[in-house]
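Here are some notes for a colleague who is opening this entry for the first time. They are arranged as numbered points.

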Amino acid sequence: MSDINFVLIFFKFANFAILGLFLAYLTKKYIAPALKESLYAFVSVYYNLQNQYNISLKKVEQLEKDLVVQAALIEDLQSKVQQWQEVDKQHQLACKRHYENAIVSLNKKRLIQSEYLSESKVKTELFNEIFNEVETTLKNEAPDLQKDYIKRIDAFMTHELQS
Amino acid sequence: MSAQSMLALRYAQAFLNVYASTINHDDFLNMVALYNHLLQDDQTLIILSSYKLSEAATETSVDMLIKKFKLVPAFKNLLRILLEKKRIMLFLDVLKFIIWQYQLKQQVLYFEIESAGHLEQSSLQTIKNFLKKLSGNDIIYTYKVNESLIAGVRAKNAYFLWEDSIKSRLQRIKLLTGPGV
């Protein structure tokens, strides 16, 4: 009985051994290469991804640097724009001041000129009026004036002739 | 002086060299009257210079002119020469120079005396004497009334002006105190 058991056990072990060898053979022949290939593929993909990640990382770093530079540029531009706006504002204020001064000056000149013109006009009109009136009066009195004039001229010339 | 004026001056000098002594003051005034007439109206010279006028007609026209203005007969010779030389249009210039040169040659001055009203002969004589004393030359004058003077007297010739009138005084006032001074 014990022998039978022993044989049974032996065959069982033998079965296990053959099965093991068979599995080993299968593993070595088919599973291991496939696993190895899958592993290589995985590793390759992993390295690719790792590489892309690194490149992306570098790109991100570069972009961050660019962003800093751009931010500095923008800040500089903003500062300049502010300066320009300030200058422009000052210029506009100066122009406005100049314009207002010019208007005031022009109005003053216009006022003076109009006053002068009206004064001059009044003077001319008054003078002409008075002058014409005097002339008319003198013309009306011409005969008497002529007598006086001739007397005076006669006296003057006689005096000059005697001297 | 233009060439035409130079030529006219030579005619005038030649005329006076020969005839100056025959011209008296009245003749001189007649020359002035003719000169003033020709200044106003030069038709007379244009007619005389016309080629269509016959010799007899020209002669008659010259005689009429001399008679009308009571010119000395010597003018007939002058006009005849100018007509012959076809320079009758120079006559006005010649007459002007005769009037100027006569005054220089005879040491007389011709004045136009104007007054606002009629002047007595005595007043005119006083003015004449006064002008004679002022200029140192004998005076020939014509006289006319000019009411635009208002009152006073004006005596003028080509070189001198003596005036004392209300018109001149008003003009002076206007110049010195009027608008625009």
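1. Start with a pair of strands in chain B. Strand 3 of chain B and strand 4 of chain B run antiparallel and are joined by five bridges. The model is a predicted one. Strand 3 and strand 4 of chain B make a hairpin, with four residues between the two strands.

2. Two bridge partners help to place the hairpin in the view. B:A155 has B:W162, in strand 4 of chain B, as its bridge partner. B:V153 is partnered by B:D164, also a residue of strand 4 of chain B.

3. Strand 3 of chain B also pairs with strand 1 of chain B. The sense is antiparallel here too, and the pairing extends over four bridges. B:S115 has B:V153 of strand 3 as its bridge partner. B:V153 therefore has a bridge partner in strand 1, given that strand 1 of chain B covers residues 108-115. As for cover, strand 3 of chain B is mostly covered, with four of its five residues buried.

4. Next come the charged pairs. How many salt bridges does a search of the whole structure find over all chains? The search finds ten. Side chains of opposite charge can pair when their charged atoms come close. The points that follow take some of these pairs in turn.

5. B:E163 and B:R154 form a salt bridge, and their closest N and O atoms are 3.0 Å apart. B:R154 counts as buried because its relative accessible area is 15%, under the 20% limit. B:E163 has a relative accessible area of 21% and is therefore partly exposed.

6. B:D164 forms a salt bridge with B:R169, with 3.2 Å between the closest N and O atoms. Is B:D164 buried or exposed? B:D164 is buried, at a relative accessible area of 13%. B:R169 is partly exposed, and its relative accessible area is 37%. A separate set of residues, B:E59, B:D63, B:K76 and B:R80, is joined into one network by salt bridges that share partners.

7. B:E114 and B:K144 form another salt bridge, the closest N and O atoms being 3.9 Å apart. This pair links distant parts of the chain: B:E114 is in strand 1 (residues 108-115) of chain B and B:K144 is in strand 2 (residues 138-145) of chain B, 30 residues apart. B:E114 is buried, with a relative accessible area of 4%. B:K144 is partly exposed, with a relative accessible area of 48%.

8. Now turn to the contact between the chains. On the side of chain B, 25 residues are in contact with 22 residues of chain A. The size of an interface is often given as the accessible area lost when the parts come together. For chain B and chain A the buried area is about 2100 Å², and 73% of it is on carbon and sulfur atoms.

9. What salt bridge does the interface hold? The rule finds one across the interface of chain B and chain A. A:R152 forms a salt bridge with B:D164, and the closest N and O atoms are 3.6 Å apart. B:D164 also forms the salt bridge with B:R169 described above. Four residue pairs are in polar contact across the interface, both residues of each pair being at pLDDT 80 or more.

10. The elements that give two or more residues to the side of chain B that touches chain A are helix 7 (121-135), strand 3 (152-156), strand 4 (161-165) and helix 8 (166-177) of chain B. The residues on this side divide into twelve nonpolar, nine polar and four charged. Both strands of the hairpin in the first point thus appear in the list of elements.

11. One residue of helix 4 completes the notes. B:S61 lies in helix 4 (residues 55-68) of chain B. B:S61 is partly exposed, with a relative accessible area of 25%. Leaving out residues up to four places away in sequence, B:S61 touches B:L48 and B:L53. B:I47 is 14 residues from B:S61 in sequence and 9.0 Å from B:S61 in space, C-alpha to C-alpha.

Notes: Residues numbered from 1 in each chain as written. Chains lettered and ligands numbered in written order. Predicted model: local features only at pLDDT ≥ 70, side-chain atom pairs only at ≥ 80, totals over all residues. Heavy atoms only, no water. Contact = heavy atoms within 4.5 Å. Buried area = accessible area lost by both parts, 1.4 Å probe. Salt bridge = Lys/Arg side-chain N within 4 Å of Asp/Glu carboxyl O. Polar contact = N/O pair within 3.5 Å; in protein donor to acceptor, adjacent residues only side chain to side chain. Nonpolar A, V, L, I, M, F, W, Y, C, P; charged D, E, K, R; others polar. Pairing = 2+ DSSP bridges. Buried < 20%, exposed > 50% of the residue type's maximum accessible area, 1.4 Å probe, protein only.
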